[in-house]
Amino acid sequence: MSTHLCDFTTLSDTQKAMILTWRNHEKVRAFMYHAQMISREEHLRFIESLKTSHDKRYFLVQHKGVDIGVIDFTHITPQHATIGLYANPNLHRTGLGKELMNTIITYGFETLHVKKLCAELFAFNTKAKALYEAFGFCETVHKTINKQEIICMELENEHRSF
Ligand SMILES: CC(C)(COP(=O)(O)OP(=O)(O)OC[C@H]1O[C@@H](n2cnc3c(N)ncnc32)[C@H](O)[C@@H]1OP(=O)(O)O)[C@@H](O)C(=O)NCCC(=O)NCCS
C-alpha cells in the first residue's frame, strides 16, 4: 500500500524533531486548542506518555514515501473516537488533507472498528470544515471554548462515502 502509518511511540529522534517543527508552525498551531509553542521537553514527554495511554493513538502519515502529515485518534471507545489532523506545512501542494482524511476513515472504521468518528474545529477554520463535509461529516452542536466558537461534527460508519 502507498500509505504508511508510523505510530508516534516508534518514531526516530529525527522524526520526533520534524513533527515538533510542524506542530509549532503558525499554519498548524493557529488551528489547535493548545495554540502556544510546544517545547522539545513537552513534546518528548507527550510522545512518551502515549506508550501507556490506551485511549489515544497518534501517527505520522507517509504517502508514497513522503511525510504528509499527522493524524490522531483520542477518547477512543468501542463506540467512537475523536479525530485530529494536520498536514506537513512545508509541502506546498494540494490534496494532503484528502489523503489524511482517507487514512483516518480507513483506520478508524477498519482497524479501530468504531461506529462513529467525531471532530471538533474552530468555526473560523473554513478549510477544515469543507474537508470534513466533503467526506460526509455532519455538524452536530456548536460550543464555546476560551471565547472561541467550536463546531462539533461526526461521521457514522454507515454514512461513509467509501
Ligand atoms: C485542514 C488541512 C489538513 C487541509 O489540508 P489541504 O492539503 O489544504 O487539503 P486538500 O488540498 O486535500 O483540500 C481538501 C478539501 O479542503 C477544502 N479546501 C481546501 N482549501 C480550501 C480553501 N482555501 N477554502 C475552503 N476550503 C478549502 C476543499 O473542500 C478541498 O476539496 P477540493 O480540493 O475538492 O475543493 C490543512 O489545511 C491543515 O493542516 N490545517 C491546519 C490544521 C487543521 O486545521 N486541522 C483540522 C482541524 S483540527
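1. Thr-103 is buried, its relative accessible area being 10%. The residue belongs to helix α4. A polar atom of the Thr-103 side chain lies 2.7 Å from the backbone oxygen of Glu-99. Since this is a predicted model, the values in this note are computed from predicted coordinates.

2. Helix α4, which holds Thr-103, also takes part in the ligand site. Three elements each give at least two residues to the shell around the ligand: β4 (80-87), α4 (96-110) and α5 (126-134). The largest share comes from α5, with four residues.

3. The shell itself consists of 16 residues, and the closest of them are Leu-85, Ala-87, Gly-95, Lys-98 and Asn-125. By residue class, nine of the shell residues are nonpolar, four are polar and three are charged.

4. Which pocket holds the ligand? The ligand sits in the largest one.

5. Oxygen atoms of the ligand pair with polar atoms of the protein at several places. A polar backbone atom of Ala-87 is 2.7 Å from a ligand oxygen. For Leu-96, a backbone N or O atom is 3.3 Å from an oxygen of the ligand. With Lys-127 the side chain is involved: one of its N or O atoms lies 3.4 Å from a ligand oxygen. As for cover, the ligand taken alone exposes 940 Å², and the protein buries 69% of that area.

6. Two histidines deserve a look at the backbone. Phi of His-75 is near 50 degrees, which is a positive value in a residue other than glycine. His-75 is located in the loop that runs between β3 (66-74) and β4. Is the residue buried or exposed? His-75 counts as exposed because its relative accessible area, 52%, is over the 50% cut-off.

7. The second histidine is His-113, where phi is near 60 degrees, again a positive value in a residue other than glycine. This residue lies in the loop between α4 and β5 (116-122). His-113 has a relative accessible area of 53% and is therefore classed as exposed, the limit being over 50%.

8. Lys-16 is found in helix α1, which spans residues 13-24. Why is this lysine classed as buried? Its relative accessible area is 18%, and buried means under 20%, so Lys-16 falls in that class. The C-alpha atom of Lys-16 is separated by 7.7 Å from that of Leu-44, and the two residues are 28 residues apart along the chain.

9. Lys-143 has its place in strand β6, residues 138-145. With a relative accessible area of 31%, Lys-143 is partly exposed, because the value lies between the 20% limit for buried and the 50% limit for exposed. Between the C-alpha atoms of Lys-143 and Glu-120 the separation is 9.6 Å, and these residues are 23 residues apart along the chain.

Technical notes:
Residues numbered from 1 in each chain as written. Predicted model: local features only at pLDDT ≥ 70, side-chain atom pairs only at ≥ 80, totals over all residues. Heavy atoms only, no water. Near = heavy atom within 4 Å. Polar contact = N/O pair within 3.5 Å; in protein donor to acceptor, adjacent residues only side chain to side chain. Areas by Shrake-Rupley, 256 points an atom, 1.4 Å probe, with all protein chains shown as cover. 1 Å grid on protein atoms, 1.4 Å probe; cavity = no way out; pocket = protein on both sides within 12 Å on 5 of 7 lines; lining within 4 Å. Sits in = over half its atoms within 2 Å of the grid points. Nonpolar A, V, L, I, M, F, W, Y, C, P; charged D, E, K, R; others polar. Buried < 20%, exposed > 50% of the residue type's maximum accessible area, 1.4 Å probe, protein only.
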